[in-house]
Amino acid sequence: MRTDAGRRAVLNDITTDLADPPDFALAAGGPPAFDARTIAEHAREYPDLAPLLLPSVPVAEAYRRVFASVQDHGWKVRATDAALGRVEAVATTNILRFRDDIAIRIRADGDGSRIDMRSRSRLGKSDFGTNARRIHAFLKAVAAA
C-alpha cells in the first residue's frame, strides 16, 4: 500500500493489534505507544496484518509453539512469562546486523488462542517492510507447527 504521495509510509514499528498492541513490559526500555498518525499509516500500509487465531489450541500449547518458533528463528530471548502468555526477543537482520525488538502476546480466545505480535526496529525511521514480513513469516510458522 502507498501513501497519498505514492511512497511507502515511514514506519518502523509494526503490530497485529493496533487497538491494543503488545507492549515491551517484561524487558525494560520498550517503545512508546502508537500515536494517531502512526495508527492511520499502519492501517493503510498493512491492512492484511492480523492476529493468529488458533481455534481449539489452549493458551499453554500456543505458548509452547510460540517459544519453540522463537528459538527456531534464532532470536535472542529477552524475557518470558508463560503465566501471562508473553515472550520478548531480539531479532538480528542478516546483512547489516540491525537489532529489532519483538513482543509476542498469547491470550485465550474462546476454546482456543489468539497470538498478537509486535516487531520494532531500533534504528531508522523506516524498516522498508522488514517488520511486517517478519510477523507474517513467524505467524505462518506458528500456525504450521
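Does Glu 61 count as buried, partly exposed or exposed, and what is its relative accessibility? In this predicted model, Glu 61 has a relative accessibility of 26% and therefore counts as partly exposed, the buried class being kept for values under 20%. Its salt-bridge partner Arg 65, by contrast, has a relative accessible area of 16% and is buried. The two side chains meet with a nitrogen-to-oxygen distance of 3.2 Å, and both residues belong to helix α2, where they are 4 residues apart, about one turn of the helix. Leaving aside residues up to four places away in sequence, Arg 65 touches Leu 54, Val 57, Val 142 and Ala 145.

**Strand pairing**

Strand β4 (residues 86-92) and strand β5 (residues 99-109) run antiparallel and are joined by 7 bridges, with Val 87 having Ile 104 of β5 as its bridge partner. These two strands form a hairpin with 6 residues between them, and in its turn Arg 97 has a positive phi of about 65 degrees. On to the next pairing, β5 and strand β6 (residues 112-121) are likewise arranged in the antiparallel sense, over 10 bridges, and here Ala 108 stands opposite Ser 113 in β6. The hairpin of β5 and β6 has 2 residues between the strands, and Gly 110 takes a positive phi near 65 degrees.

**The nonpolar core**

The largest nonpolar core has 26 residues, and those with the most contacts inside it are Val 66, Val 70, Trp 75, Ile 104, Ile 115 and Phe 138. Two or more residues are given to this core by each of β2 (52-54), α2 (59-72), β4, β5, β6 and α3 (130-144), and α3 gives the most, with 5 residues. Val 70 illustrates the contacts: residues up to four places away in sequence not being counted, Val 70 touches Trp 75, Val 77, Val 87, Ala 89, Ile 104 and Phe 138.

**Salt bridges**

Side chains of opposite charge can pair when their charged atoms come close. The count for this model comes to 16 salt bridges, and three of them are set out below.

| Pair | Closest N to O distance |
|---|---|
| Arg 105 and Asp 17 | 3.2 Å |
| Glu 61 and Arg 65 | 3.2 Å |
| Arg 105 and Asp 116 | 3.4 Å |

Arg 105 appears in two of these pairs, with Asp 17 and with Asp 116. Because Arg 105 lies in strand β5 and Asp 17 in the loop between β1 and α1, the first of these pairs ties together parts that are 88 residues apart in sequence. The pair of Arg 105 and Asp 116 links strand β5 to strand β6 across 11 residues. Arg 105 is buried, with a relative accessible area of 5%, Asp 116 is also buried, at 1%, and Asp 17 is buried as well. Salt bridges that share partners join Asp 17, Asp 20, Arg 105, Arg 107, Arg 114 and Asp 116 into one network.

**Helix α1**

Helix α1 (residues 36-45) has Thr 38, Glu 41, His 42 and Glu 45 as its buried residues. Seen down the helix axis, these residues fall within an arc of 100 degrees, so they line one face of α1. Strand β1 (13-15) is included in what covers them.

Key: Residues numbered from 1 in each chain as written. Predicted model: local features only at pLDDT ≥ 70, side-chain atom pairs only at ≥ 80, totals over all residues. Heavy atoms only, no water. Buried < 20%, exposed > 50% of the residue type's maximum accessible area, 1.4 Å probe, protein only. Arc of directions from axis to C-beta. Contact = heavy atoms within 4.5 Å. Pairing = 2+ DSSP bridges. Core = buried A, V, L, I, M, F, W, Y, C linked by side-chain atoms within 4.5 Å. Salt bridge = Lys/Arg side-chain N within 4 Å of Asp/Glu carboxyl O.
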